[in-house]
Amino acid sequence: MDRIRIEGGGELRGVIPISGAKNAALPLMIASLLTRETLTLENLPRLADVRLLLRILGNHGVDHTIAGKRPGELATSGQTLHLDAKNIVDTTAPYELVSRMRASFWVLAPLLARAGVAKVSLPGGCAIGTRPVDLLLQALEALGAKIDIEAGYVLASAPKGLVGGKIVFPKVTVGGTHVALMAAALAKGDTLIHNAAREPEIVDLADCLIKMGAKIKGAGSSTIEITGVTSLGGARHTVLPDRIETGTYAMAVAMTGGDVFLQGARPELLQSALDTLTRTGAQIVCDAGGIRVRRNGGGIAPVDVTTEPFPGFPTDLQAQFMALTTRANGVSRITETIFENRFMHVQELARFGAKIHLEHDTAIVTGVKTLKGAPVMATDLRASVSLVIAALAAEGETIVHRVYHLDRGFEQLEQKLGACGARVERLAAAE
Ligand code: EPZ
């Protein structure tokens with residue numbers, strides 16, 4: 001397994017281009033199952049999760065082509081992907097594939113909506129909590145689906161097609177809202193989704209579905225209205241920039257010090273995280289082209305944070321923020337309200353000399369003056385990158401093991417950080 005070696009202690013200075021959002025790209029790719037026509041996605045990030053989802057979609061009969069580079073395009077420009085689900089040849093998504101990526105479970109909705117039947121393995125994904133799918137299944141049932149669970153598989157059917165209905169989510173769920181949107185787009189009649197997730201990735205999916213001919217109002221608010229149509233067509237859509245990648249690099253600069261321009265980042269996608277960073281003492285300046293993050297000289301002020309659904313502080317930046325507060329001038333309290341087991345990074349951050357004490361859903365972080373490099377183990381995607389951030393600010397060498405977690409969600413991490421002066425190097429498995 002690859003590892004990453006980081007020689008910490010330097011500042012970050014330069015420009016980091018922000019990639020297309022993984023968590024928008026995945027549901028957008030899955031939406032290709034809803035139409036016989038071509039769905040073209042631009043600004044697609046080059047990530048292991050994207051490649052795995054292409055395999056899963058291919059198994060259902062989706063052909064794809066990735067357009068070659070055009071003159072003037074940079075290595076960091078996103079890819080253009082054409083997806084063609086002319087014929088759905090298989091409505092089963094097997095355990096071997098779905099267990100490796102939770103979001104692939106969402107194929108259940110478009111398969112059911114288009115083919116009237118689907119068999120999808122219960123999902124896997126990052127080890128950050130129990131992560132049930134009950135709300136996703138309830139949403140489909142509200143649209144007339146019959147759901148059974150047998151031998152680890154969800155068997156869903158709607159022989160006469162899905163019918164619009166009222167979906168009331170008892171808690172905000174991003175995946176549930178994606179599934180409800182895709183299913184309702186092809187259901188007969190009207191659907192109302194109450195307590196819908198308001199994440200930017202939901203809006204991106206809804207925008208793409210609207211381009212495909214869906215009738216959707218209210219995406220981005222907590223009530224979404226959908227009027228089903230009999231079929232959807234092809235479309236061309238650009239994946240929005242990755243707010244979690246943006247926030248991750250912003251936190252890295254806030255921790256190491258320096259001055260980095262996050263090119264293509266959009267502040268409205270992560271305002272709460274940017275406000276929090278400002279409170280720690282970082283300077284954030286936004287313009288039409290991106291976000292500039294600086295911290296020169298001054299220390300890191302401690303700040304308390306609670307994760308919440310959008311527009312609150314995102315759970316996907318909790319680990320990175322914790323890394324930052326390990327060097328604050330005082331005590332920060334970080335409360336995780338979305339996932340019950342998303343503190344796997346705590347024991348790894350402790351290897352750098354961080355002082356973190358866990359009390360139920362809250363991590364109490366007492367800042368220390370210096371961190372020291374150490375061998376550490378990546379556990380899940382966002383936890384892994386929190387270790388990279390800590391390593392950049394630590395004295396000496398860090399080796400991050402199990403780097404495949406990072407490759408799932410961060411495009412060209414070493415190159416992007418390296419271009420800003422970080423000493424980061426990938427060690428291939430054999431070394
Ligand atoms: C999405 O996961 C993201 N994944 C996650 O990012 C992100 O952390 C999460 O939303 C929250 O923002 C993708 O977009 C691919 P949820 P999702 O349904 O949809 C509970 C990353 O690192 N719940 O909003 O799976 C659930 O257990 C990943 O990129 C139920 O109880 O999350 C959690 O407590 C990690 N029953 C809460 O709801 C259900 O049926 C929110 O989960 C579904 C969810």
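A polar contact here is a pair of N or O atoms within 3.5 Å. The model shown in these views is predicted.

**View 1. Polar contacts between the ligand and R102, D134 and L135.**
The side chain of R102 places an N or O atom 2.9 Å from an oxygen atom of the ligand. This pair counts as a polar contact because 2.9 Å falls within the 3.5 Å cut-off. D134 also uses its side chain: one of its polar atoms lies 2.7 Å from a nitrogen atom of the ligand. L135 takes part through its backbone, where a polar atom is 2.7 Å from an oxygen atom of the ligand. The ligand taken alone exposes 820 Å², and the protein buries 92% of that area.

**View 2. The shell of residues around the ligand.**
The ligand is surrounded by 24 residues, and the closest are D134, L135, D316, I338 and R382. By residue class, the shell holds 12 nonpolar, 8 charged and 4 polar residues. The ligand takes up the space of the largest pocket.

**View 3. Helices and domains that supply the shell.**
Four helices each give at least two residues to the shell around the ligand: α1 (22-30), α5 (134-142), α6 (174-185) and α12 (381-393). The most comes from α5, with 3 residues. Domain 1 (3-15 + 242-427) and domain 2 (24-238) each contribute at least three residues to this shell.

**View 4. The cis peptide bond between F310 and P311.**
F310 and P311 are joined by a peptide bond in the cis form, with omega at about 10°. P311 belongs to the loop between β18 (305-306) and α10 (318-325).

**View 5. The backbone at N43, with a positive phi.**
N43 is not a glycine, yet its phi is positive, at about 65°. This residue, N43, is part of strand β3 (residues 38-44).

Definitions and conventions:
Residues numbered from 1 in each chain as written. Predicted model: local features only at pLDDT ≥ 70, side-chain atom pairs only at ≥ 80, totals over all residues. Heavy atoms only, no water. Near = heavy atom within 4 Å. Polar contact = N/O pair within 3.5 Å; in protein donor to acceptor, adjacent residues only side chain to side chain. Areas by Shrake-Rupley, 256 points an atom, 1.4 Å probe, with all protein chains shown as cover. 1 Å grid on protein atoms, 1.4 Å probe; cavity = no way out; pocket = protein on both sides within 12 Å on 5 of 7 lines; lining within 4 Å. Sits in = over half its atoms within 2 Å of the grid points. Nonpolar A, V, L, I, M, F, W, Y, C, P; charged D, E, K, R; others polar. Domains from an automatic or database assignment.
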